[in-house]
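User: I would like to go through this model with you, starting with the backbone and ending with the sheet. Shall we take it topic by topic?

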Amino acid sequence: MDDAIAACRILVVDDTDFNRTLIGALLGEAGFQNVVYAKDGFDALAQIAAEAPDLLILDIMMPGMDGFEVCRRLRDDHAYADLPVLVQTALSSSDDRNRAFAAGTTDLISKPLDRTELVARVRIHLENRVLIRDLQTYRARVEGELAMARSMYDHLLPSAALCATQTDRAGVTLRSHTALSSDLGGDLWGVLPLAGGRFGLFLLDMAGRGVSAALNAFRMHTLIHELAPHLGERAVCLLELGQHATVIYGVVDGAAERFTYAAAAAAPPVLVPPDGAALVFGEGSGQPVGIAAGTRYEERSLPFPPDSALVLHSTAVLEALGGRNGGLAALLRSPAVRNALAAGDGGGAFTAVTAALAAAQGDVPLDDHTLVWIGREGAR
C-alpha cells in the first residue's frame, strides 16, 4: 500500500464499541495506520472540526444524531464538501438508500460487514482523495507561479511616466492594449530611450505558454535593453533548443517622419495615413529570433507623417480579428477609426479598435494580445 494512503486519517463513527473495534482491527490488518473513533454524531462533528479526517466511516442508525444528520451538516459546510463518507447500514430498501445518498453519502457498506468489501471501498476512496489533494496542491502552486509571473509582467511594461517622457520628445502619443491569457503567454513590449528626440519600441512573442514562456520573455526583455543590435545572435545563446521568439524592433523618429524597424517573423506594422488614404502594411517576414546564430535582419522603414497612426500588434490580434486583410484592415478602415483620426481624436480611434478587439477575444483570451498605437495627431 502506498505510504500516503496508509497514513490517511480515517474516522470511524459508531455507537457500538464492538463495531468500532471490529472496523479498526480490519483496517489495521489491511495496513491503514491512522484510524480514530467517535462514539456518536456529536462526537464525530467535534473531532472533525478539530482535525478533518481523510475519510469517514459512519453508522447510519445512532441515537441522538443519526448518520443522515451528520452527513447533512457536513455537506452544508463547504470545507467538507469533498470529504468521502462511507455509510455502514443494514438498510435494504431503495428509498432508504436514496435517502442516504440525498443526505450526502459518498458510498454504502452493507451490514454485516464484509472485510474484502470494506477494505476495497476504503482503499479506492482514499486513492481518489490523495489524487485530488495532489492535484489541488499542484494547481495552487501553478496559480501562485502565474500570479507572480503576472506581477513581474506588469512591472516590466513601460510606465505611464516613461511613455509620456519619450513620446513628448518625439511628438507622438503612445497608447497600448494588453490582454493576458489564463495560462499566460510570452507577449511583451517596451520602450527604449534614444537621443535626438527618438525612441525605440519593441514587441516580442515567445513560443509556448505558461510560466516558462513568460520567464523567457522576461529574459528577452533584459537582452533587448542591454544589446538590441545583436539580439539575434545573443538570443541563440540565451534560449534553449526549440525555444524562439517573434520580435519587431523599431525606432520612432518624429522629426524625420519615419519608423525604421527590423522584424523577425513578427506581425507587420500598419500605418493608418491621414485623410482616408489607403493603409500601408510593413513587412513582418524573417526567421524567428533564437533559431540560428549569426542571423541578420533587414532594415525597413515606413513613412510616419503628421495626423497618422502606427499600429504594432501580436499575431494573436490578427487571429482574433480574422487576419491581416480581413478584420484588422476592415477595422482600421472603419468610419469610427477614420472619423476620429480626421477630427484629431487619436484616443477615440484607439478606443474603437480596442473595443472591437476585446469583443472578439472574449472574457478569457486563448492567447496573449498586445496592440501598441502610436499617434501623430496634431503633429505639424
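Analyst: What follows is a discussion of a predicted model.

User: Let us begin with the backbone. Which residues does the cis peptide bond join?

Analyst: The cis bond joins Lys 111 and Pro 112, with omega at about -5°. Pro 112 belongs to the loop between strand E5 (107-110) and helix H6 (115-156).

User: What is the phi of Ala 265?

Analyst: Ala 265 has a positive phi of about 60°, although it is not a glycine. Ala 265 is located in the loop between strand E10 (258-264) and strand E11 (270-272).

User: Is Ala 265 buried, exposed or partly exposed, and why?

Analyst: Ala 265 counts as partly exposed because its relative accessibility is 25%, and the partly exposed class lies between the 20% and 50% limits.

User: And Asp 275, where is that one found?

Analyst: Asp 275 is in the loop between E11 and strand E12 (280-281). Its phi is also positive, near 60°, in a residue other than glycine. With a relative accessibility of 82%, Asp 275 counts as exposed.

User: Changing topic to the aromatics. How many aromatic pairs are there?

Analyst: The count comes to two aromatic pairs. In one of them, the ring centres of Phe 259 and Tyr 261 are 5.5 Å apart and the planes are at 15°, so this pair is stacked.

User: Are Phe 259 and Tyr 261 buried or exposed?

Analyst: Phe 259 is buried, with a relative accessible area of 0%. Tyr 261 also counts as buried, at 3% relative accessibility.

User: What about Phe 350 and Trp 373: why is that pair edge-to-face?

Analyst: The rings of Phe 350 and Trp 373 have centres 6.3 Å apart, and their planes are at 65°, so the pair is edge-to-face; that class requires planes over 60 degrees apart. The pair links distant parts of the chain, 23 residues apart, with Phe 350 in helix H13 (residues 346-361) and Trp 373 in strand E15 (residues 369-375).

User: How accessible are Phe 350 and Trp 373?

Analyst: Phe 350 counts as buried at 11% relative accessibility. Trp 373 is buried as well, at 0%.

User: Which charged residue sits over the ring of Phe 304?

Analyst: That is Arg 376, whose charged end is 5.7 Å from the centre of the Phe 304 ring. In addition, Arg 99 lies over the face of Phe 68, at 3.8 Å from the ring centre.

User: Next, Gly 250. Where does it lie, and what is it in contact with?

Analyst: Gly 250 is part of strand E9 (residues 245-253), and it counts as buried at 0% relative accessibility. Leaving aside neighbours within four places in sequence, Gly 250 is in contact with Phe 199, Gly 200, Leu 201, Phe 259, Thr 260 and Tyr 261. Phe 259 and Tyr 261, the two members of the stacked pair, are thus among the contacts of Gly 250.

User: How far apart are Gly 250 and Ala 262?

Analyst: Their C-alpha atoms are 6.3 Å apart in space, and the two residues are 12 apart in sequence.

User: Which residues are in contact with Arg 129?

Analyst: Arg 129 lies in helix H6 and counts as buried, at 17% relative accessibility. Beyond its neighbours within four places in sequence, Arg 129 is in contact with Pro 53, Asp 54, Asp 82, Leu 83 and Pro 84.

User: Now H12. Which residues of that helix are buried?

Analyst: In helix H12 (residues 335-342), the residues Val 337, Arg 338, Ala 340 and Leu 341 are buried. Seen down the helix axis, the buried residues of H12 fall within an arc of 165°, so they line one face. Pro 335, Asn 339 and Ala 342 are exposed on the other side. Gly 344, with a positive phi near 75°, follows H12.

User: Finally, what is the strand order in the open sheet?

Analyst: The five strands have the order E6-E15-E14-E11-E12, with antiparallel pairing. The edges are strand E6 (173-179) and E12, each of which pairs on one side only.

User: How many bridges join E11 to E12?

Analyst: Two bridges join these antiparallel strands. Val 270 has Phe 281 in E12 as its bridge partner.

User: And which strands does H13 lie across?

Analyst: H13 lies across E6 and E15, and runs at about 10° to E6. H13 is also the helix that holds Phe 350, while its ring partner Trp 373 is in E15.

Conventions
Residues are numbered from 1 along each chain as its sequence is written. This is a predicted model: local features need pLDDT of at least 70, side-chain atom pairs count only at pLDDT 80 or more; totals for chains, interfaces and linings use all residues. Side-chain values use heavy atoms; hydrogens and water are left out. Helices (H or I, at least four residues) and strands (E, at least two) are DSSP runs, numbered from the N terminus. Buried means under 20% relative accessible area, exposed over 50%, partly exposed in between (1.4 Å probe, protein chains only). Rings of Phe, Tyr and Trp (its six-membered ring) pair if their centres lie within 6.5 Å; planes under 30 degrees apart count as stacked, over 60 as edge-to-face and the rest as tilted. A charge sits over a ring if NZ of Lys or CZ of Arg is within 6 Å of the ring centre and within 35 degrees of the ring normal. Contact means heavy atoms within 4.5 Å. The arc is that of the directions from the helix axis to the C-beta atoms. Two strands pair if DSSP finds at least two bridges between them. Axes are lines fitted to C-alpha atoms, for helices over the stretch in contact, and angles run from 0 to 180 degrees between N-to-C directions.
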